[in-house]
Every structure is written in structure tokens, then in C-alpha cells.
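Got your viewer open and a hand on the selection tool? Let's take a walk through this one together, stop by stop.

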Amino acid sequence: MSGLCGWFGRPSNPEGASGILQSMVGTLSRFDGSPVQIQHGNRHGMAVAAPAGRASAAVSNRCAAVVWGTPSFNDDTLAHVARTSGSAMAVIDAFRRYGAECCTRLGGAFAVAVADGDSGDALLAIDRMGVHNLIYTETNQGIVFASSAVALHAHPATMRDVDWQSIYHYVHFHTVPGPATAFRNEQRLLPGQFLHVRNGNMRLGRYWQMQFVEDEERPFAESRDEFLGILTDAVRRMGTSVPTGAFLSGGTDSSTVSGLLGKVTGKPAETFSIGFAEPGYDEMEYARIAARHFKTAQHEYYVTAADIVEAVPRLAAIYDQPFGNSSAVPTYCCARFARENAMQLLLGGDGGDELFGGNERYATQYRYSLYEKVPGLIRRGVLEPLGRTLPGGGKLPPIRWYRRLVELASTPMPDRTDAHNLLVRLGIDNVFTPDMLARVEIGGPQRLMREVYDETKAGSLINKMLAYDFRFTLADTDIPKVMKSCELAGLPVDFPMLDDGLVAFSARLTPEMKLKGTKLRYFFKEALRGFLPDEIISKTKHGFGLPFGPWLRSHKPLEELVMDSLGKLRGRGFVRSDFLTKLMGTHLAEHPGYYGTMAWVLMMLELWFQHHCDRPA
């Protein structure tokens, strides 16, 4: 639906370059026929496809640029150029004046490509939170780039050589963590990162990283007013130019965005909610509470098992990497439903948990961290030996619980966040074949987790976890989930919670304002008390949980899709055949809820292989 693509360098066949560029960009407009803009020169080819107001292309004195998204400029001169001549022209001006440092003048959600036809200097960059995506690869004809793998592979110089380390990481994380992709020799830009080409050399750099200020004490009322002002302005800026709706799950974030959308437009907000006719999974009650409170124009859709069967192959095809988050299905259904109701844009509430401390695991890790405050002599001399020597420890539940508690509390961060990982629990040797394990770094996930966790300079546990989740939860999982699901539905999406001003504001909140003891998102909830219904503020987090396990047992077409996919995956030879036999047989029959997660992850992997590796590019 949207994106950009192209190359930096001289094509081996200049006469055919225009056709190649047309093939690449054609994949980006295939869902809704978005307008295409192309810039072509001796040393570059660039194109962008997006709805009006979300794309810009320009050329000035042999310097060309394409822009995807809605960038802002914190430089008055550049902002004026953007208003009068378009954001691509402003990017050209910024690149000429500041080189790669021009990225620091950009804000908002964007991906940009700019190239100087005379010097050959060129630049790729994406926004600070990774809302937009760019993949790149070095070829014998230069650097080829695109916002989707399908567009990238439409260039004949690219290869589709599977990176087995990434496949291994996928089964562990249920996504492929950046900067890797599922293919060797292809990388993607991280949030706040740029790629600069100069004199034929390629340099990666970070123009932005979260900088936490942990000791800025401010009056609560002052902080609350600033917070509400920033968020309201973000919703006004994003949600008033075209017919706009909002995801409404009934959680604090989506409810806040929905309420503010009605406030800034002066009319009932169009809100869209997903339900499941399955006990324990449906949260429509909370969405209705928010809809009544804010008097929204509420639209409700109940997802069925048949929707899963229809959506899953299409989702596997549109995701650049194997993607195992099952909530992509209800997200897609919700976006499709909104488009059917004449919406031209959706607002999502993603980001609030990671900015303000809303995930239950933050409280869990805080509890474990209290153990670290116990003097080492007592821990090593009393508490830990006690768990090993208590009689009946192998059978009595209280003793087993105590032993597990001490074991986890004694494990340093971020390793202990991996304690409940499904692959770890099932046993890596039980899932993968010896041949597969011989060609990957088995400790790769843990090494990557430590690198991301340790690069954050925050002093508090909560801020280190938030920065960690900016990468693994937001950039690698939640944002791609919503962006790609909405792309498949043919509808753009914006994220007011990821507004640059709100991100900067959250960085200045003290750690205690995010996690007060074990009280999650303390400031956020207190600041919105009186605006949100009390039931929404006090509810526990749920989200778009999919009743995959129960439906797998009751819906024959879904069962057939899963079994067929797992059977074909067996033939690829990297997952143990005996594990798949048990998974497809006794495991799913006895515990569909627990083992259903692994069945989903492996099913999506097989379907991804079919769409991205087995078919011609």
C-alpha cells in the first residue's frame, strides 16, 4: 500500500533501469493503487508509493529525494521549504546543508532516500521509533533498498538466500529481531538510524537514541497538563485531515486516543472494536464502556475461526519476515472493517505501555529485583541453600515455588526475562534437528538480548526495560504487526502515543512515575483520572488475544490448515520430525492452549517459506 524503493549506484543495464524501478514500486501500490512518484538519474533510481499527503518526491540540481510518511522539521527554514515545496525538497535542502546530520532536523514518522547525482553521496534514514521500515543490501550494482522484501526482491541483482540464524531467532522471539532480516546479506535500519554513502563507502550511524533524565522532579499538575497538551495536539495533527477512525480495545491507550479524537474533531469518534465469541477472550465489554463514556460511533466485529483461515495465508505473504504474533489477525480484521466503513486512516494506541510502564512483566521484574537488595551473605548463605535442603522439595508445590523464585531472582537481567520462553521450556534440542543447531549460534538470542539491554544508559530497572522493549516489543513486533495488517487492509495508520514530543516527555518522567512499587503506568493513569472511565483505569491488560487453541479443536478447516502446514514444514528438515509428530498428535489434543502457540509460530513460518522462498521473485 505504501513505501519507497530504489538503488544507489550505476545499473549494469541503464536501458532497463526504468522497468526495474517500475516493477519494484508496483509491489508497493498493489493493494490500493496508491499514486507512484519516481526519480531516476545516472547514479540512482528512487520511487515512492503512498496516498496523498504521505509521499513526496523532488529533484533539484541533480539532487533527488523521495519521502514516505509524515515527517516534520525542527528547523524553521526547512519547515518553510516543506510547507511551500514539499518534504522531499526540504530533505534535499537539509542534505546539502548538513549531510548525514540532516536527520537530526527531521521528526515524525518517515523513511527517506536522497542522492546527489554529481558526487554520488546518498542517504537512507527512518524515524526515531521505527514506524517506517527500510531494508537494504549491497550488490554488484550498488545498494538496493526498499520498505518491503517483496519490492527489494523485484530487483534482479538481489538474492533470496535464507539466513538460518534468523529463522532460529524467529522461533525463539516469534519475530526476526533487527537489524537482521530473514535473508542473508540483507539488513534493515534500526529506529533512529541512517545509512550514508560517500565516496563509495557505506557508513551506518544513529542520529537519535532515547536519553532518560531520571532525577527531574516536577509538580504533578504541571506534568499532567503538559502531557495532555502534547497528546491532544498529536491526535489533532494526525486525525483531522481525512475521515479517521480509532482502534478501540477497551484498554487505557486505545480508549484515550478514541476519547481525544472525539474531542479534537468535535464529533463522535468512529471507533472499531474486535470481539471473540469465546469465554475468557472477549473484551468487548470494556470497549463498550469506553464507547458509551466518550459517546463514540462504535463499530463492532466478531472474529471467527473462518476469518483466521482466510487471513493467515495473506498475512504470511505480506510480512517481510516470518511473524508469529497471532494478534495480527484481529488487527487486520479490524482495519479491514474500518475501511469497509469508509475510513481513510486509523489511529492506534501502540507505545503507551513502553513509554509509561504498562506491561505486567515490569512489576514482575521489580519484585525479583527486591531479592537483589538482600545482602549477598544472606542470599548465598541462607536463602539459596534453604531451597536445596528443604525436605520434599521435589514434590511439594510450596517448596518447588520457593526454589523457582530463588532461581529466577538470582538470574541477572535480561536473562531472567527469558525464563518463560516457550522454545526454552520445550527444549531447543527437542525442537530443532542437530543439523540445524550445528549451523546457528545457539546462544544468539541471549547475546542479542544482553546487547540491547546493556546499551541503554539508564540507571533504573524500569527505564532499562522500557528501552529494551522499544526494540523487541515496539520496533520488532507491535509496530510491524499493525503497519502490515493495515497495509493488507489498504488503510494507513498513525500512532499518537509515539509522537516525538510525547516520547521526549516520557524520558523526563522519574522512574517512580512509571512504576510506583508494582503499580503500572502510575503517572499515565493518574493524569487521565476523570477523563477515562474508572473501569478502564483499573482493568487488567488483555489486548487482542486470539482463541486459537479452542478453535483449533472445534473448527475443521483451521485444524486442516495447521496440520497441512506443519506436515510440509517437516519436509524442510530443520525441525525435528518426532517433535512435529508429538505436537500434531498428543500435544495439541491434550493442551491446545499451551502448545497452540508453538503450532501457530511454526505454521506461520511454513506459510512464509511458501510465499517468500518457494515462489519466483
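What follows is a short tour of a predicted model, with something to select at each stop.

**Stop one: the antiparallel sheet**

Start by selecting residues 55-60, which make up β4, and residues 201-206, which make up β12. They belong to an open sheet of 6 strands that pair in the antiparallel sense. Reading across, the order is β4-β5-β6-β7-β11-β12. Why is one side of β4 and of β12 left without a neighbour in the sheet? Both stand at the edges with a single partner strand each, so there is nothing beside them in the sheet on the other side. Look at how neighbouring strands here are turned against each other: the average is 15°, direction ignored.

Now add residues 193-198, which is strand β11. This strand pairs with β12 over 6 bridges, in the antiparallel sense. Want one pair to click on? Pick His196, then its bridge partner Arg203 in β12.

Before you leave, select Asn199, in the loop between β11 and β12. What is the sign of phi at Asn199? Phi is positive there, about 55°, although Asn199 is not a glycine.

**Stop two: the parallel sheet**

Next, bring up β15 (297-303) and β17 (493-494), which stand at the edges of another sheet. This one is open too, with 5 strands in the order β15-β14-β13-β16-β17 and parallel pairing. β15 and β17 have a single partner strand each, so one side of each is left without a neighbour in the sheet.

Further in, select residues 244-247 for β13 and residues 345-347 for β16. The two pair in the parallel sense over 3 bridges. Zoom in on Gly245 and you'll find Leu346 of β16 standing opposite.

**Stop three: two cis peptide bonds**

Time for some loops. Select Gly178 and Pro179: the peptide bond from one to the other is cis, with omega near 5°. Pro179 is found in the loop between α5 (164-173) and β10 (187-188).

Then jump to Met413 and Pro414, also joined by a cis peptide bond, where omega is about 0°. Pro414 lies in the loop that runs between α14 (397-409) and α15 (422-426).

**Last stop: a charged patch**

Finally, switch on the surface and select Asp282, Glu285, Asp534 and Glu535. Which charge do they bring together? They gather in a patch of negative charge on the surface. One of them, Asp534, lies in helix α23, residues 534-538.

Methods:
Residues are numbered from 1 along each chain as its sequence is written. This is a predicted model: local features need pLDDT of at least 70, side-chain atom pairs count only at pLDDT 80 or more; totals for chains, interfaces and linings use all residues. Side-chain values use heavy atoms; hydrogens and water are left out. Patches are made of residues with over 30% relative accessible area and no salt bridge: like charges are joined within 9 Å, nonpolar side chains (Val, Leu, Ile, Met, Phe, Trp, Tyr) within 5 Å. Accessible areas come from the Shrake-Rupley method with a 1.4 Å probe; for residues, only the protein chains shown count as cover. A salt bridge is a side-chain nitrogen of Lys or Arg within 4 Å of a carboxyl oxygen of Asp or Glu. Lys and Arg count as positive and Asp and Glu as negative; His and the chain ends are not counted. The place of a charge is taken as NZ of Lys, CZ of Arg, CG of Asp or CD of Glu. Helices (H or I, at least four residues) and strands (E, at least two) are DSSP runs, numbered from the N terminus. Two strands pair if DSSP finds at least two bridges between them. Axes are lines fitted to C-alpha atoms, for helices over the stretch in contact, and angles run from 0 to 180 degrees between N-to-C directions.
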